[in-house]
Amino acid sequence: MSLTNNGILITDQNGNSKWSTLPLQSLVSVLQLTESGNLILLDHFNGALWESFSYPTDTIVIGQKLHVGALLSSSVSSGDLSIGDYRLSLSASDAFSDVAEYDILETIDGYHGV
């Protein structure tokens with residue numbers, strides 16, 4: 001893993017890119033890890049360029065908020081980080097109900113269940 005002025009880049013042992021932050025609006029000056037676990041890249045004015053909480057993957061931590069359209073998903077395997085069979089997403093109807101109910105979509109061998 002490397003942090004540059006352009007963001008975060010994760011590569012394998014051979015130097016092949018596995019993941020990176022999206023292109024940022026300006027150069028990174030500071031990396032900040034908050035007490036809640038949010039990793040934030042800041043510009044030289046301390047403006048947030050990228051936050052890990054805005055891009056959830058397979059884990060949610062206490063205090064992290066899921067925004068409408070957010071998706072938590074398993075990976076295919078430890079070596080293949082593309083989206084796997086298990087997903088949790090938040091829809092607009094979930095976000096505005098008194099008690100949010102989350103739909104967990106499980107796909108196992110082509111079977112879709114709720």
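**Exercise 1. Place Thr11 in the chain and describe its surroundings.**

*Solution.* Start with the element: Thr11 belongs to strand E2, residues 7–11. Strands (E, at least two residues) and helices (H or I, at least four) are DSSP runs, numbered from the N terminus. This is a predicted model, in which local features need pLDDT of at least 70 and side-chain atom pairs count only at pLDDT 80 or more, while totals for chains, interfaces and linings use all residues. Residues are numbered from 1 along each chain as its sequence is written, and side-chain values use heavy atoms, with hydrogens and water left out.

Next, look at accessibility. Thr11 is partly exposed, because its relative accessibility is 33%; buried means under 20% relative accessible area, exposed over 50%, and partly exposed in between (1.4 Å probe, protein chains only).

Finally, list the partners. Setting aside neighbours within four places in sequence, Thr11 is in contact with Asn16, Ser17 and Lys18, where contact means heavy atoms within 4.5 Å. The C-alpha atoms of Thr11 and Met1 are 6.3 Å apart, with their positions 10 residues apart along the chain.

**Exercise 2. Which residues do the ring pairs link into a cluster?**

*Solution.* A pair of aromatic rings is described by the distance of the centres and the angle of the planes. Rings of Phe, Tyr and Trp (its six-membered ring) pair if their centres lie within 6.5 Å; planes under 30 degrees apart count as stacked, over 60 as edge-to-face and the rest as tilted.

Step one: count the pairs. The structure has 2 aromatic pairs. Step two: take Trp19 and Trp50, which are edge-to-face, with 5.9 Å from centre to centre and 65° between the planes. This pair links distant parts of the chain, since Trp19 sits in strand E3 (residues 17–20) and Trp50 in strand E6 (residues 48–51), 31 residues apart.

Step three: check the cover. Trp50 is buried, because its relative accessible area is 8%, whereas Trp19 is partly exposed at 35%.

Step four: add the other pair. The rings of Trp50 and Tyr55 are stacked because their centres are 5.8 Å apart and their planes lie at 5°. Tyr55 is partly exposed, at 42% relative accessibility. Together, the ring pairs join Trp19, Trp50 and Tyr55 into a cluster.

**Exercise 3. In what order do the 3 strands of the open sheet lie?**

*Solution.* Follow the pairing: the order is E4-E5-E6, and the pairing is antiparallel. Two strands pair if DSSP finds at least two bridges between them. Strand E4 (30–33) and E6 are the edge strands, each pairing on one side only. On average, neighbouring strands of this sheet are turned by 25° against each other, direction ignored.

Now zoom in on one pairing. E4 and strand E5 (residues 39–42) are joined by 4 bridges. Leu33 stands opposite Leu39 in E5.

**Exercise 4. Describe the whole chain, and find where pLDDT stays under 50.**

*Solution.* First, the elements: the protein chain has 1 helix and 10 strands, running β-β-β-β-β-β-β-β-α-β-β from the N terminus. Of its 114 residues, 25% count as buried.

Then turn to pLDDT, the predictor's confidence in each residue, from 0 to 100. The mean pLDDT of the protein chain is 81, and 82% of its residues reach 70 or more. Over residues 97–114, pLDDT stays under 50. Where pLDDT is low, the predicted coordinates should not be read in detail.

Definitions and conventions. Axes are lines fitted to C-alpha atoms, for helices over the stretch in contact, and angles run from 0 to 180 degrees between N-to-C directions.
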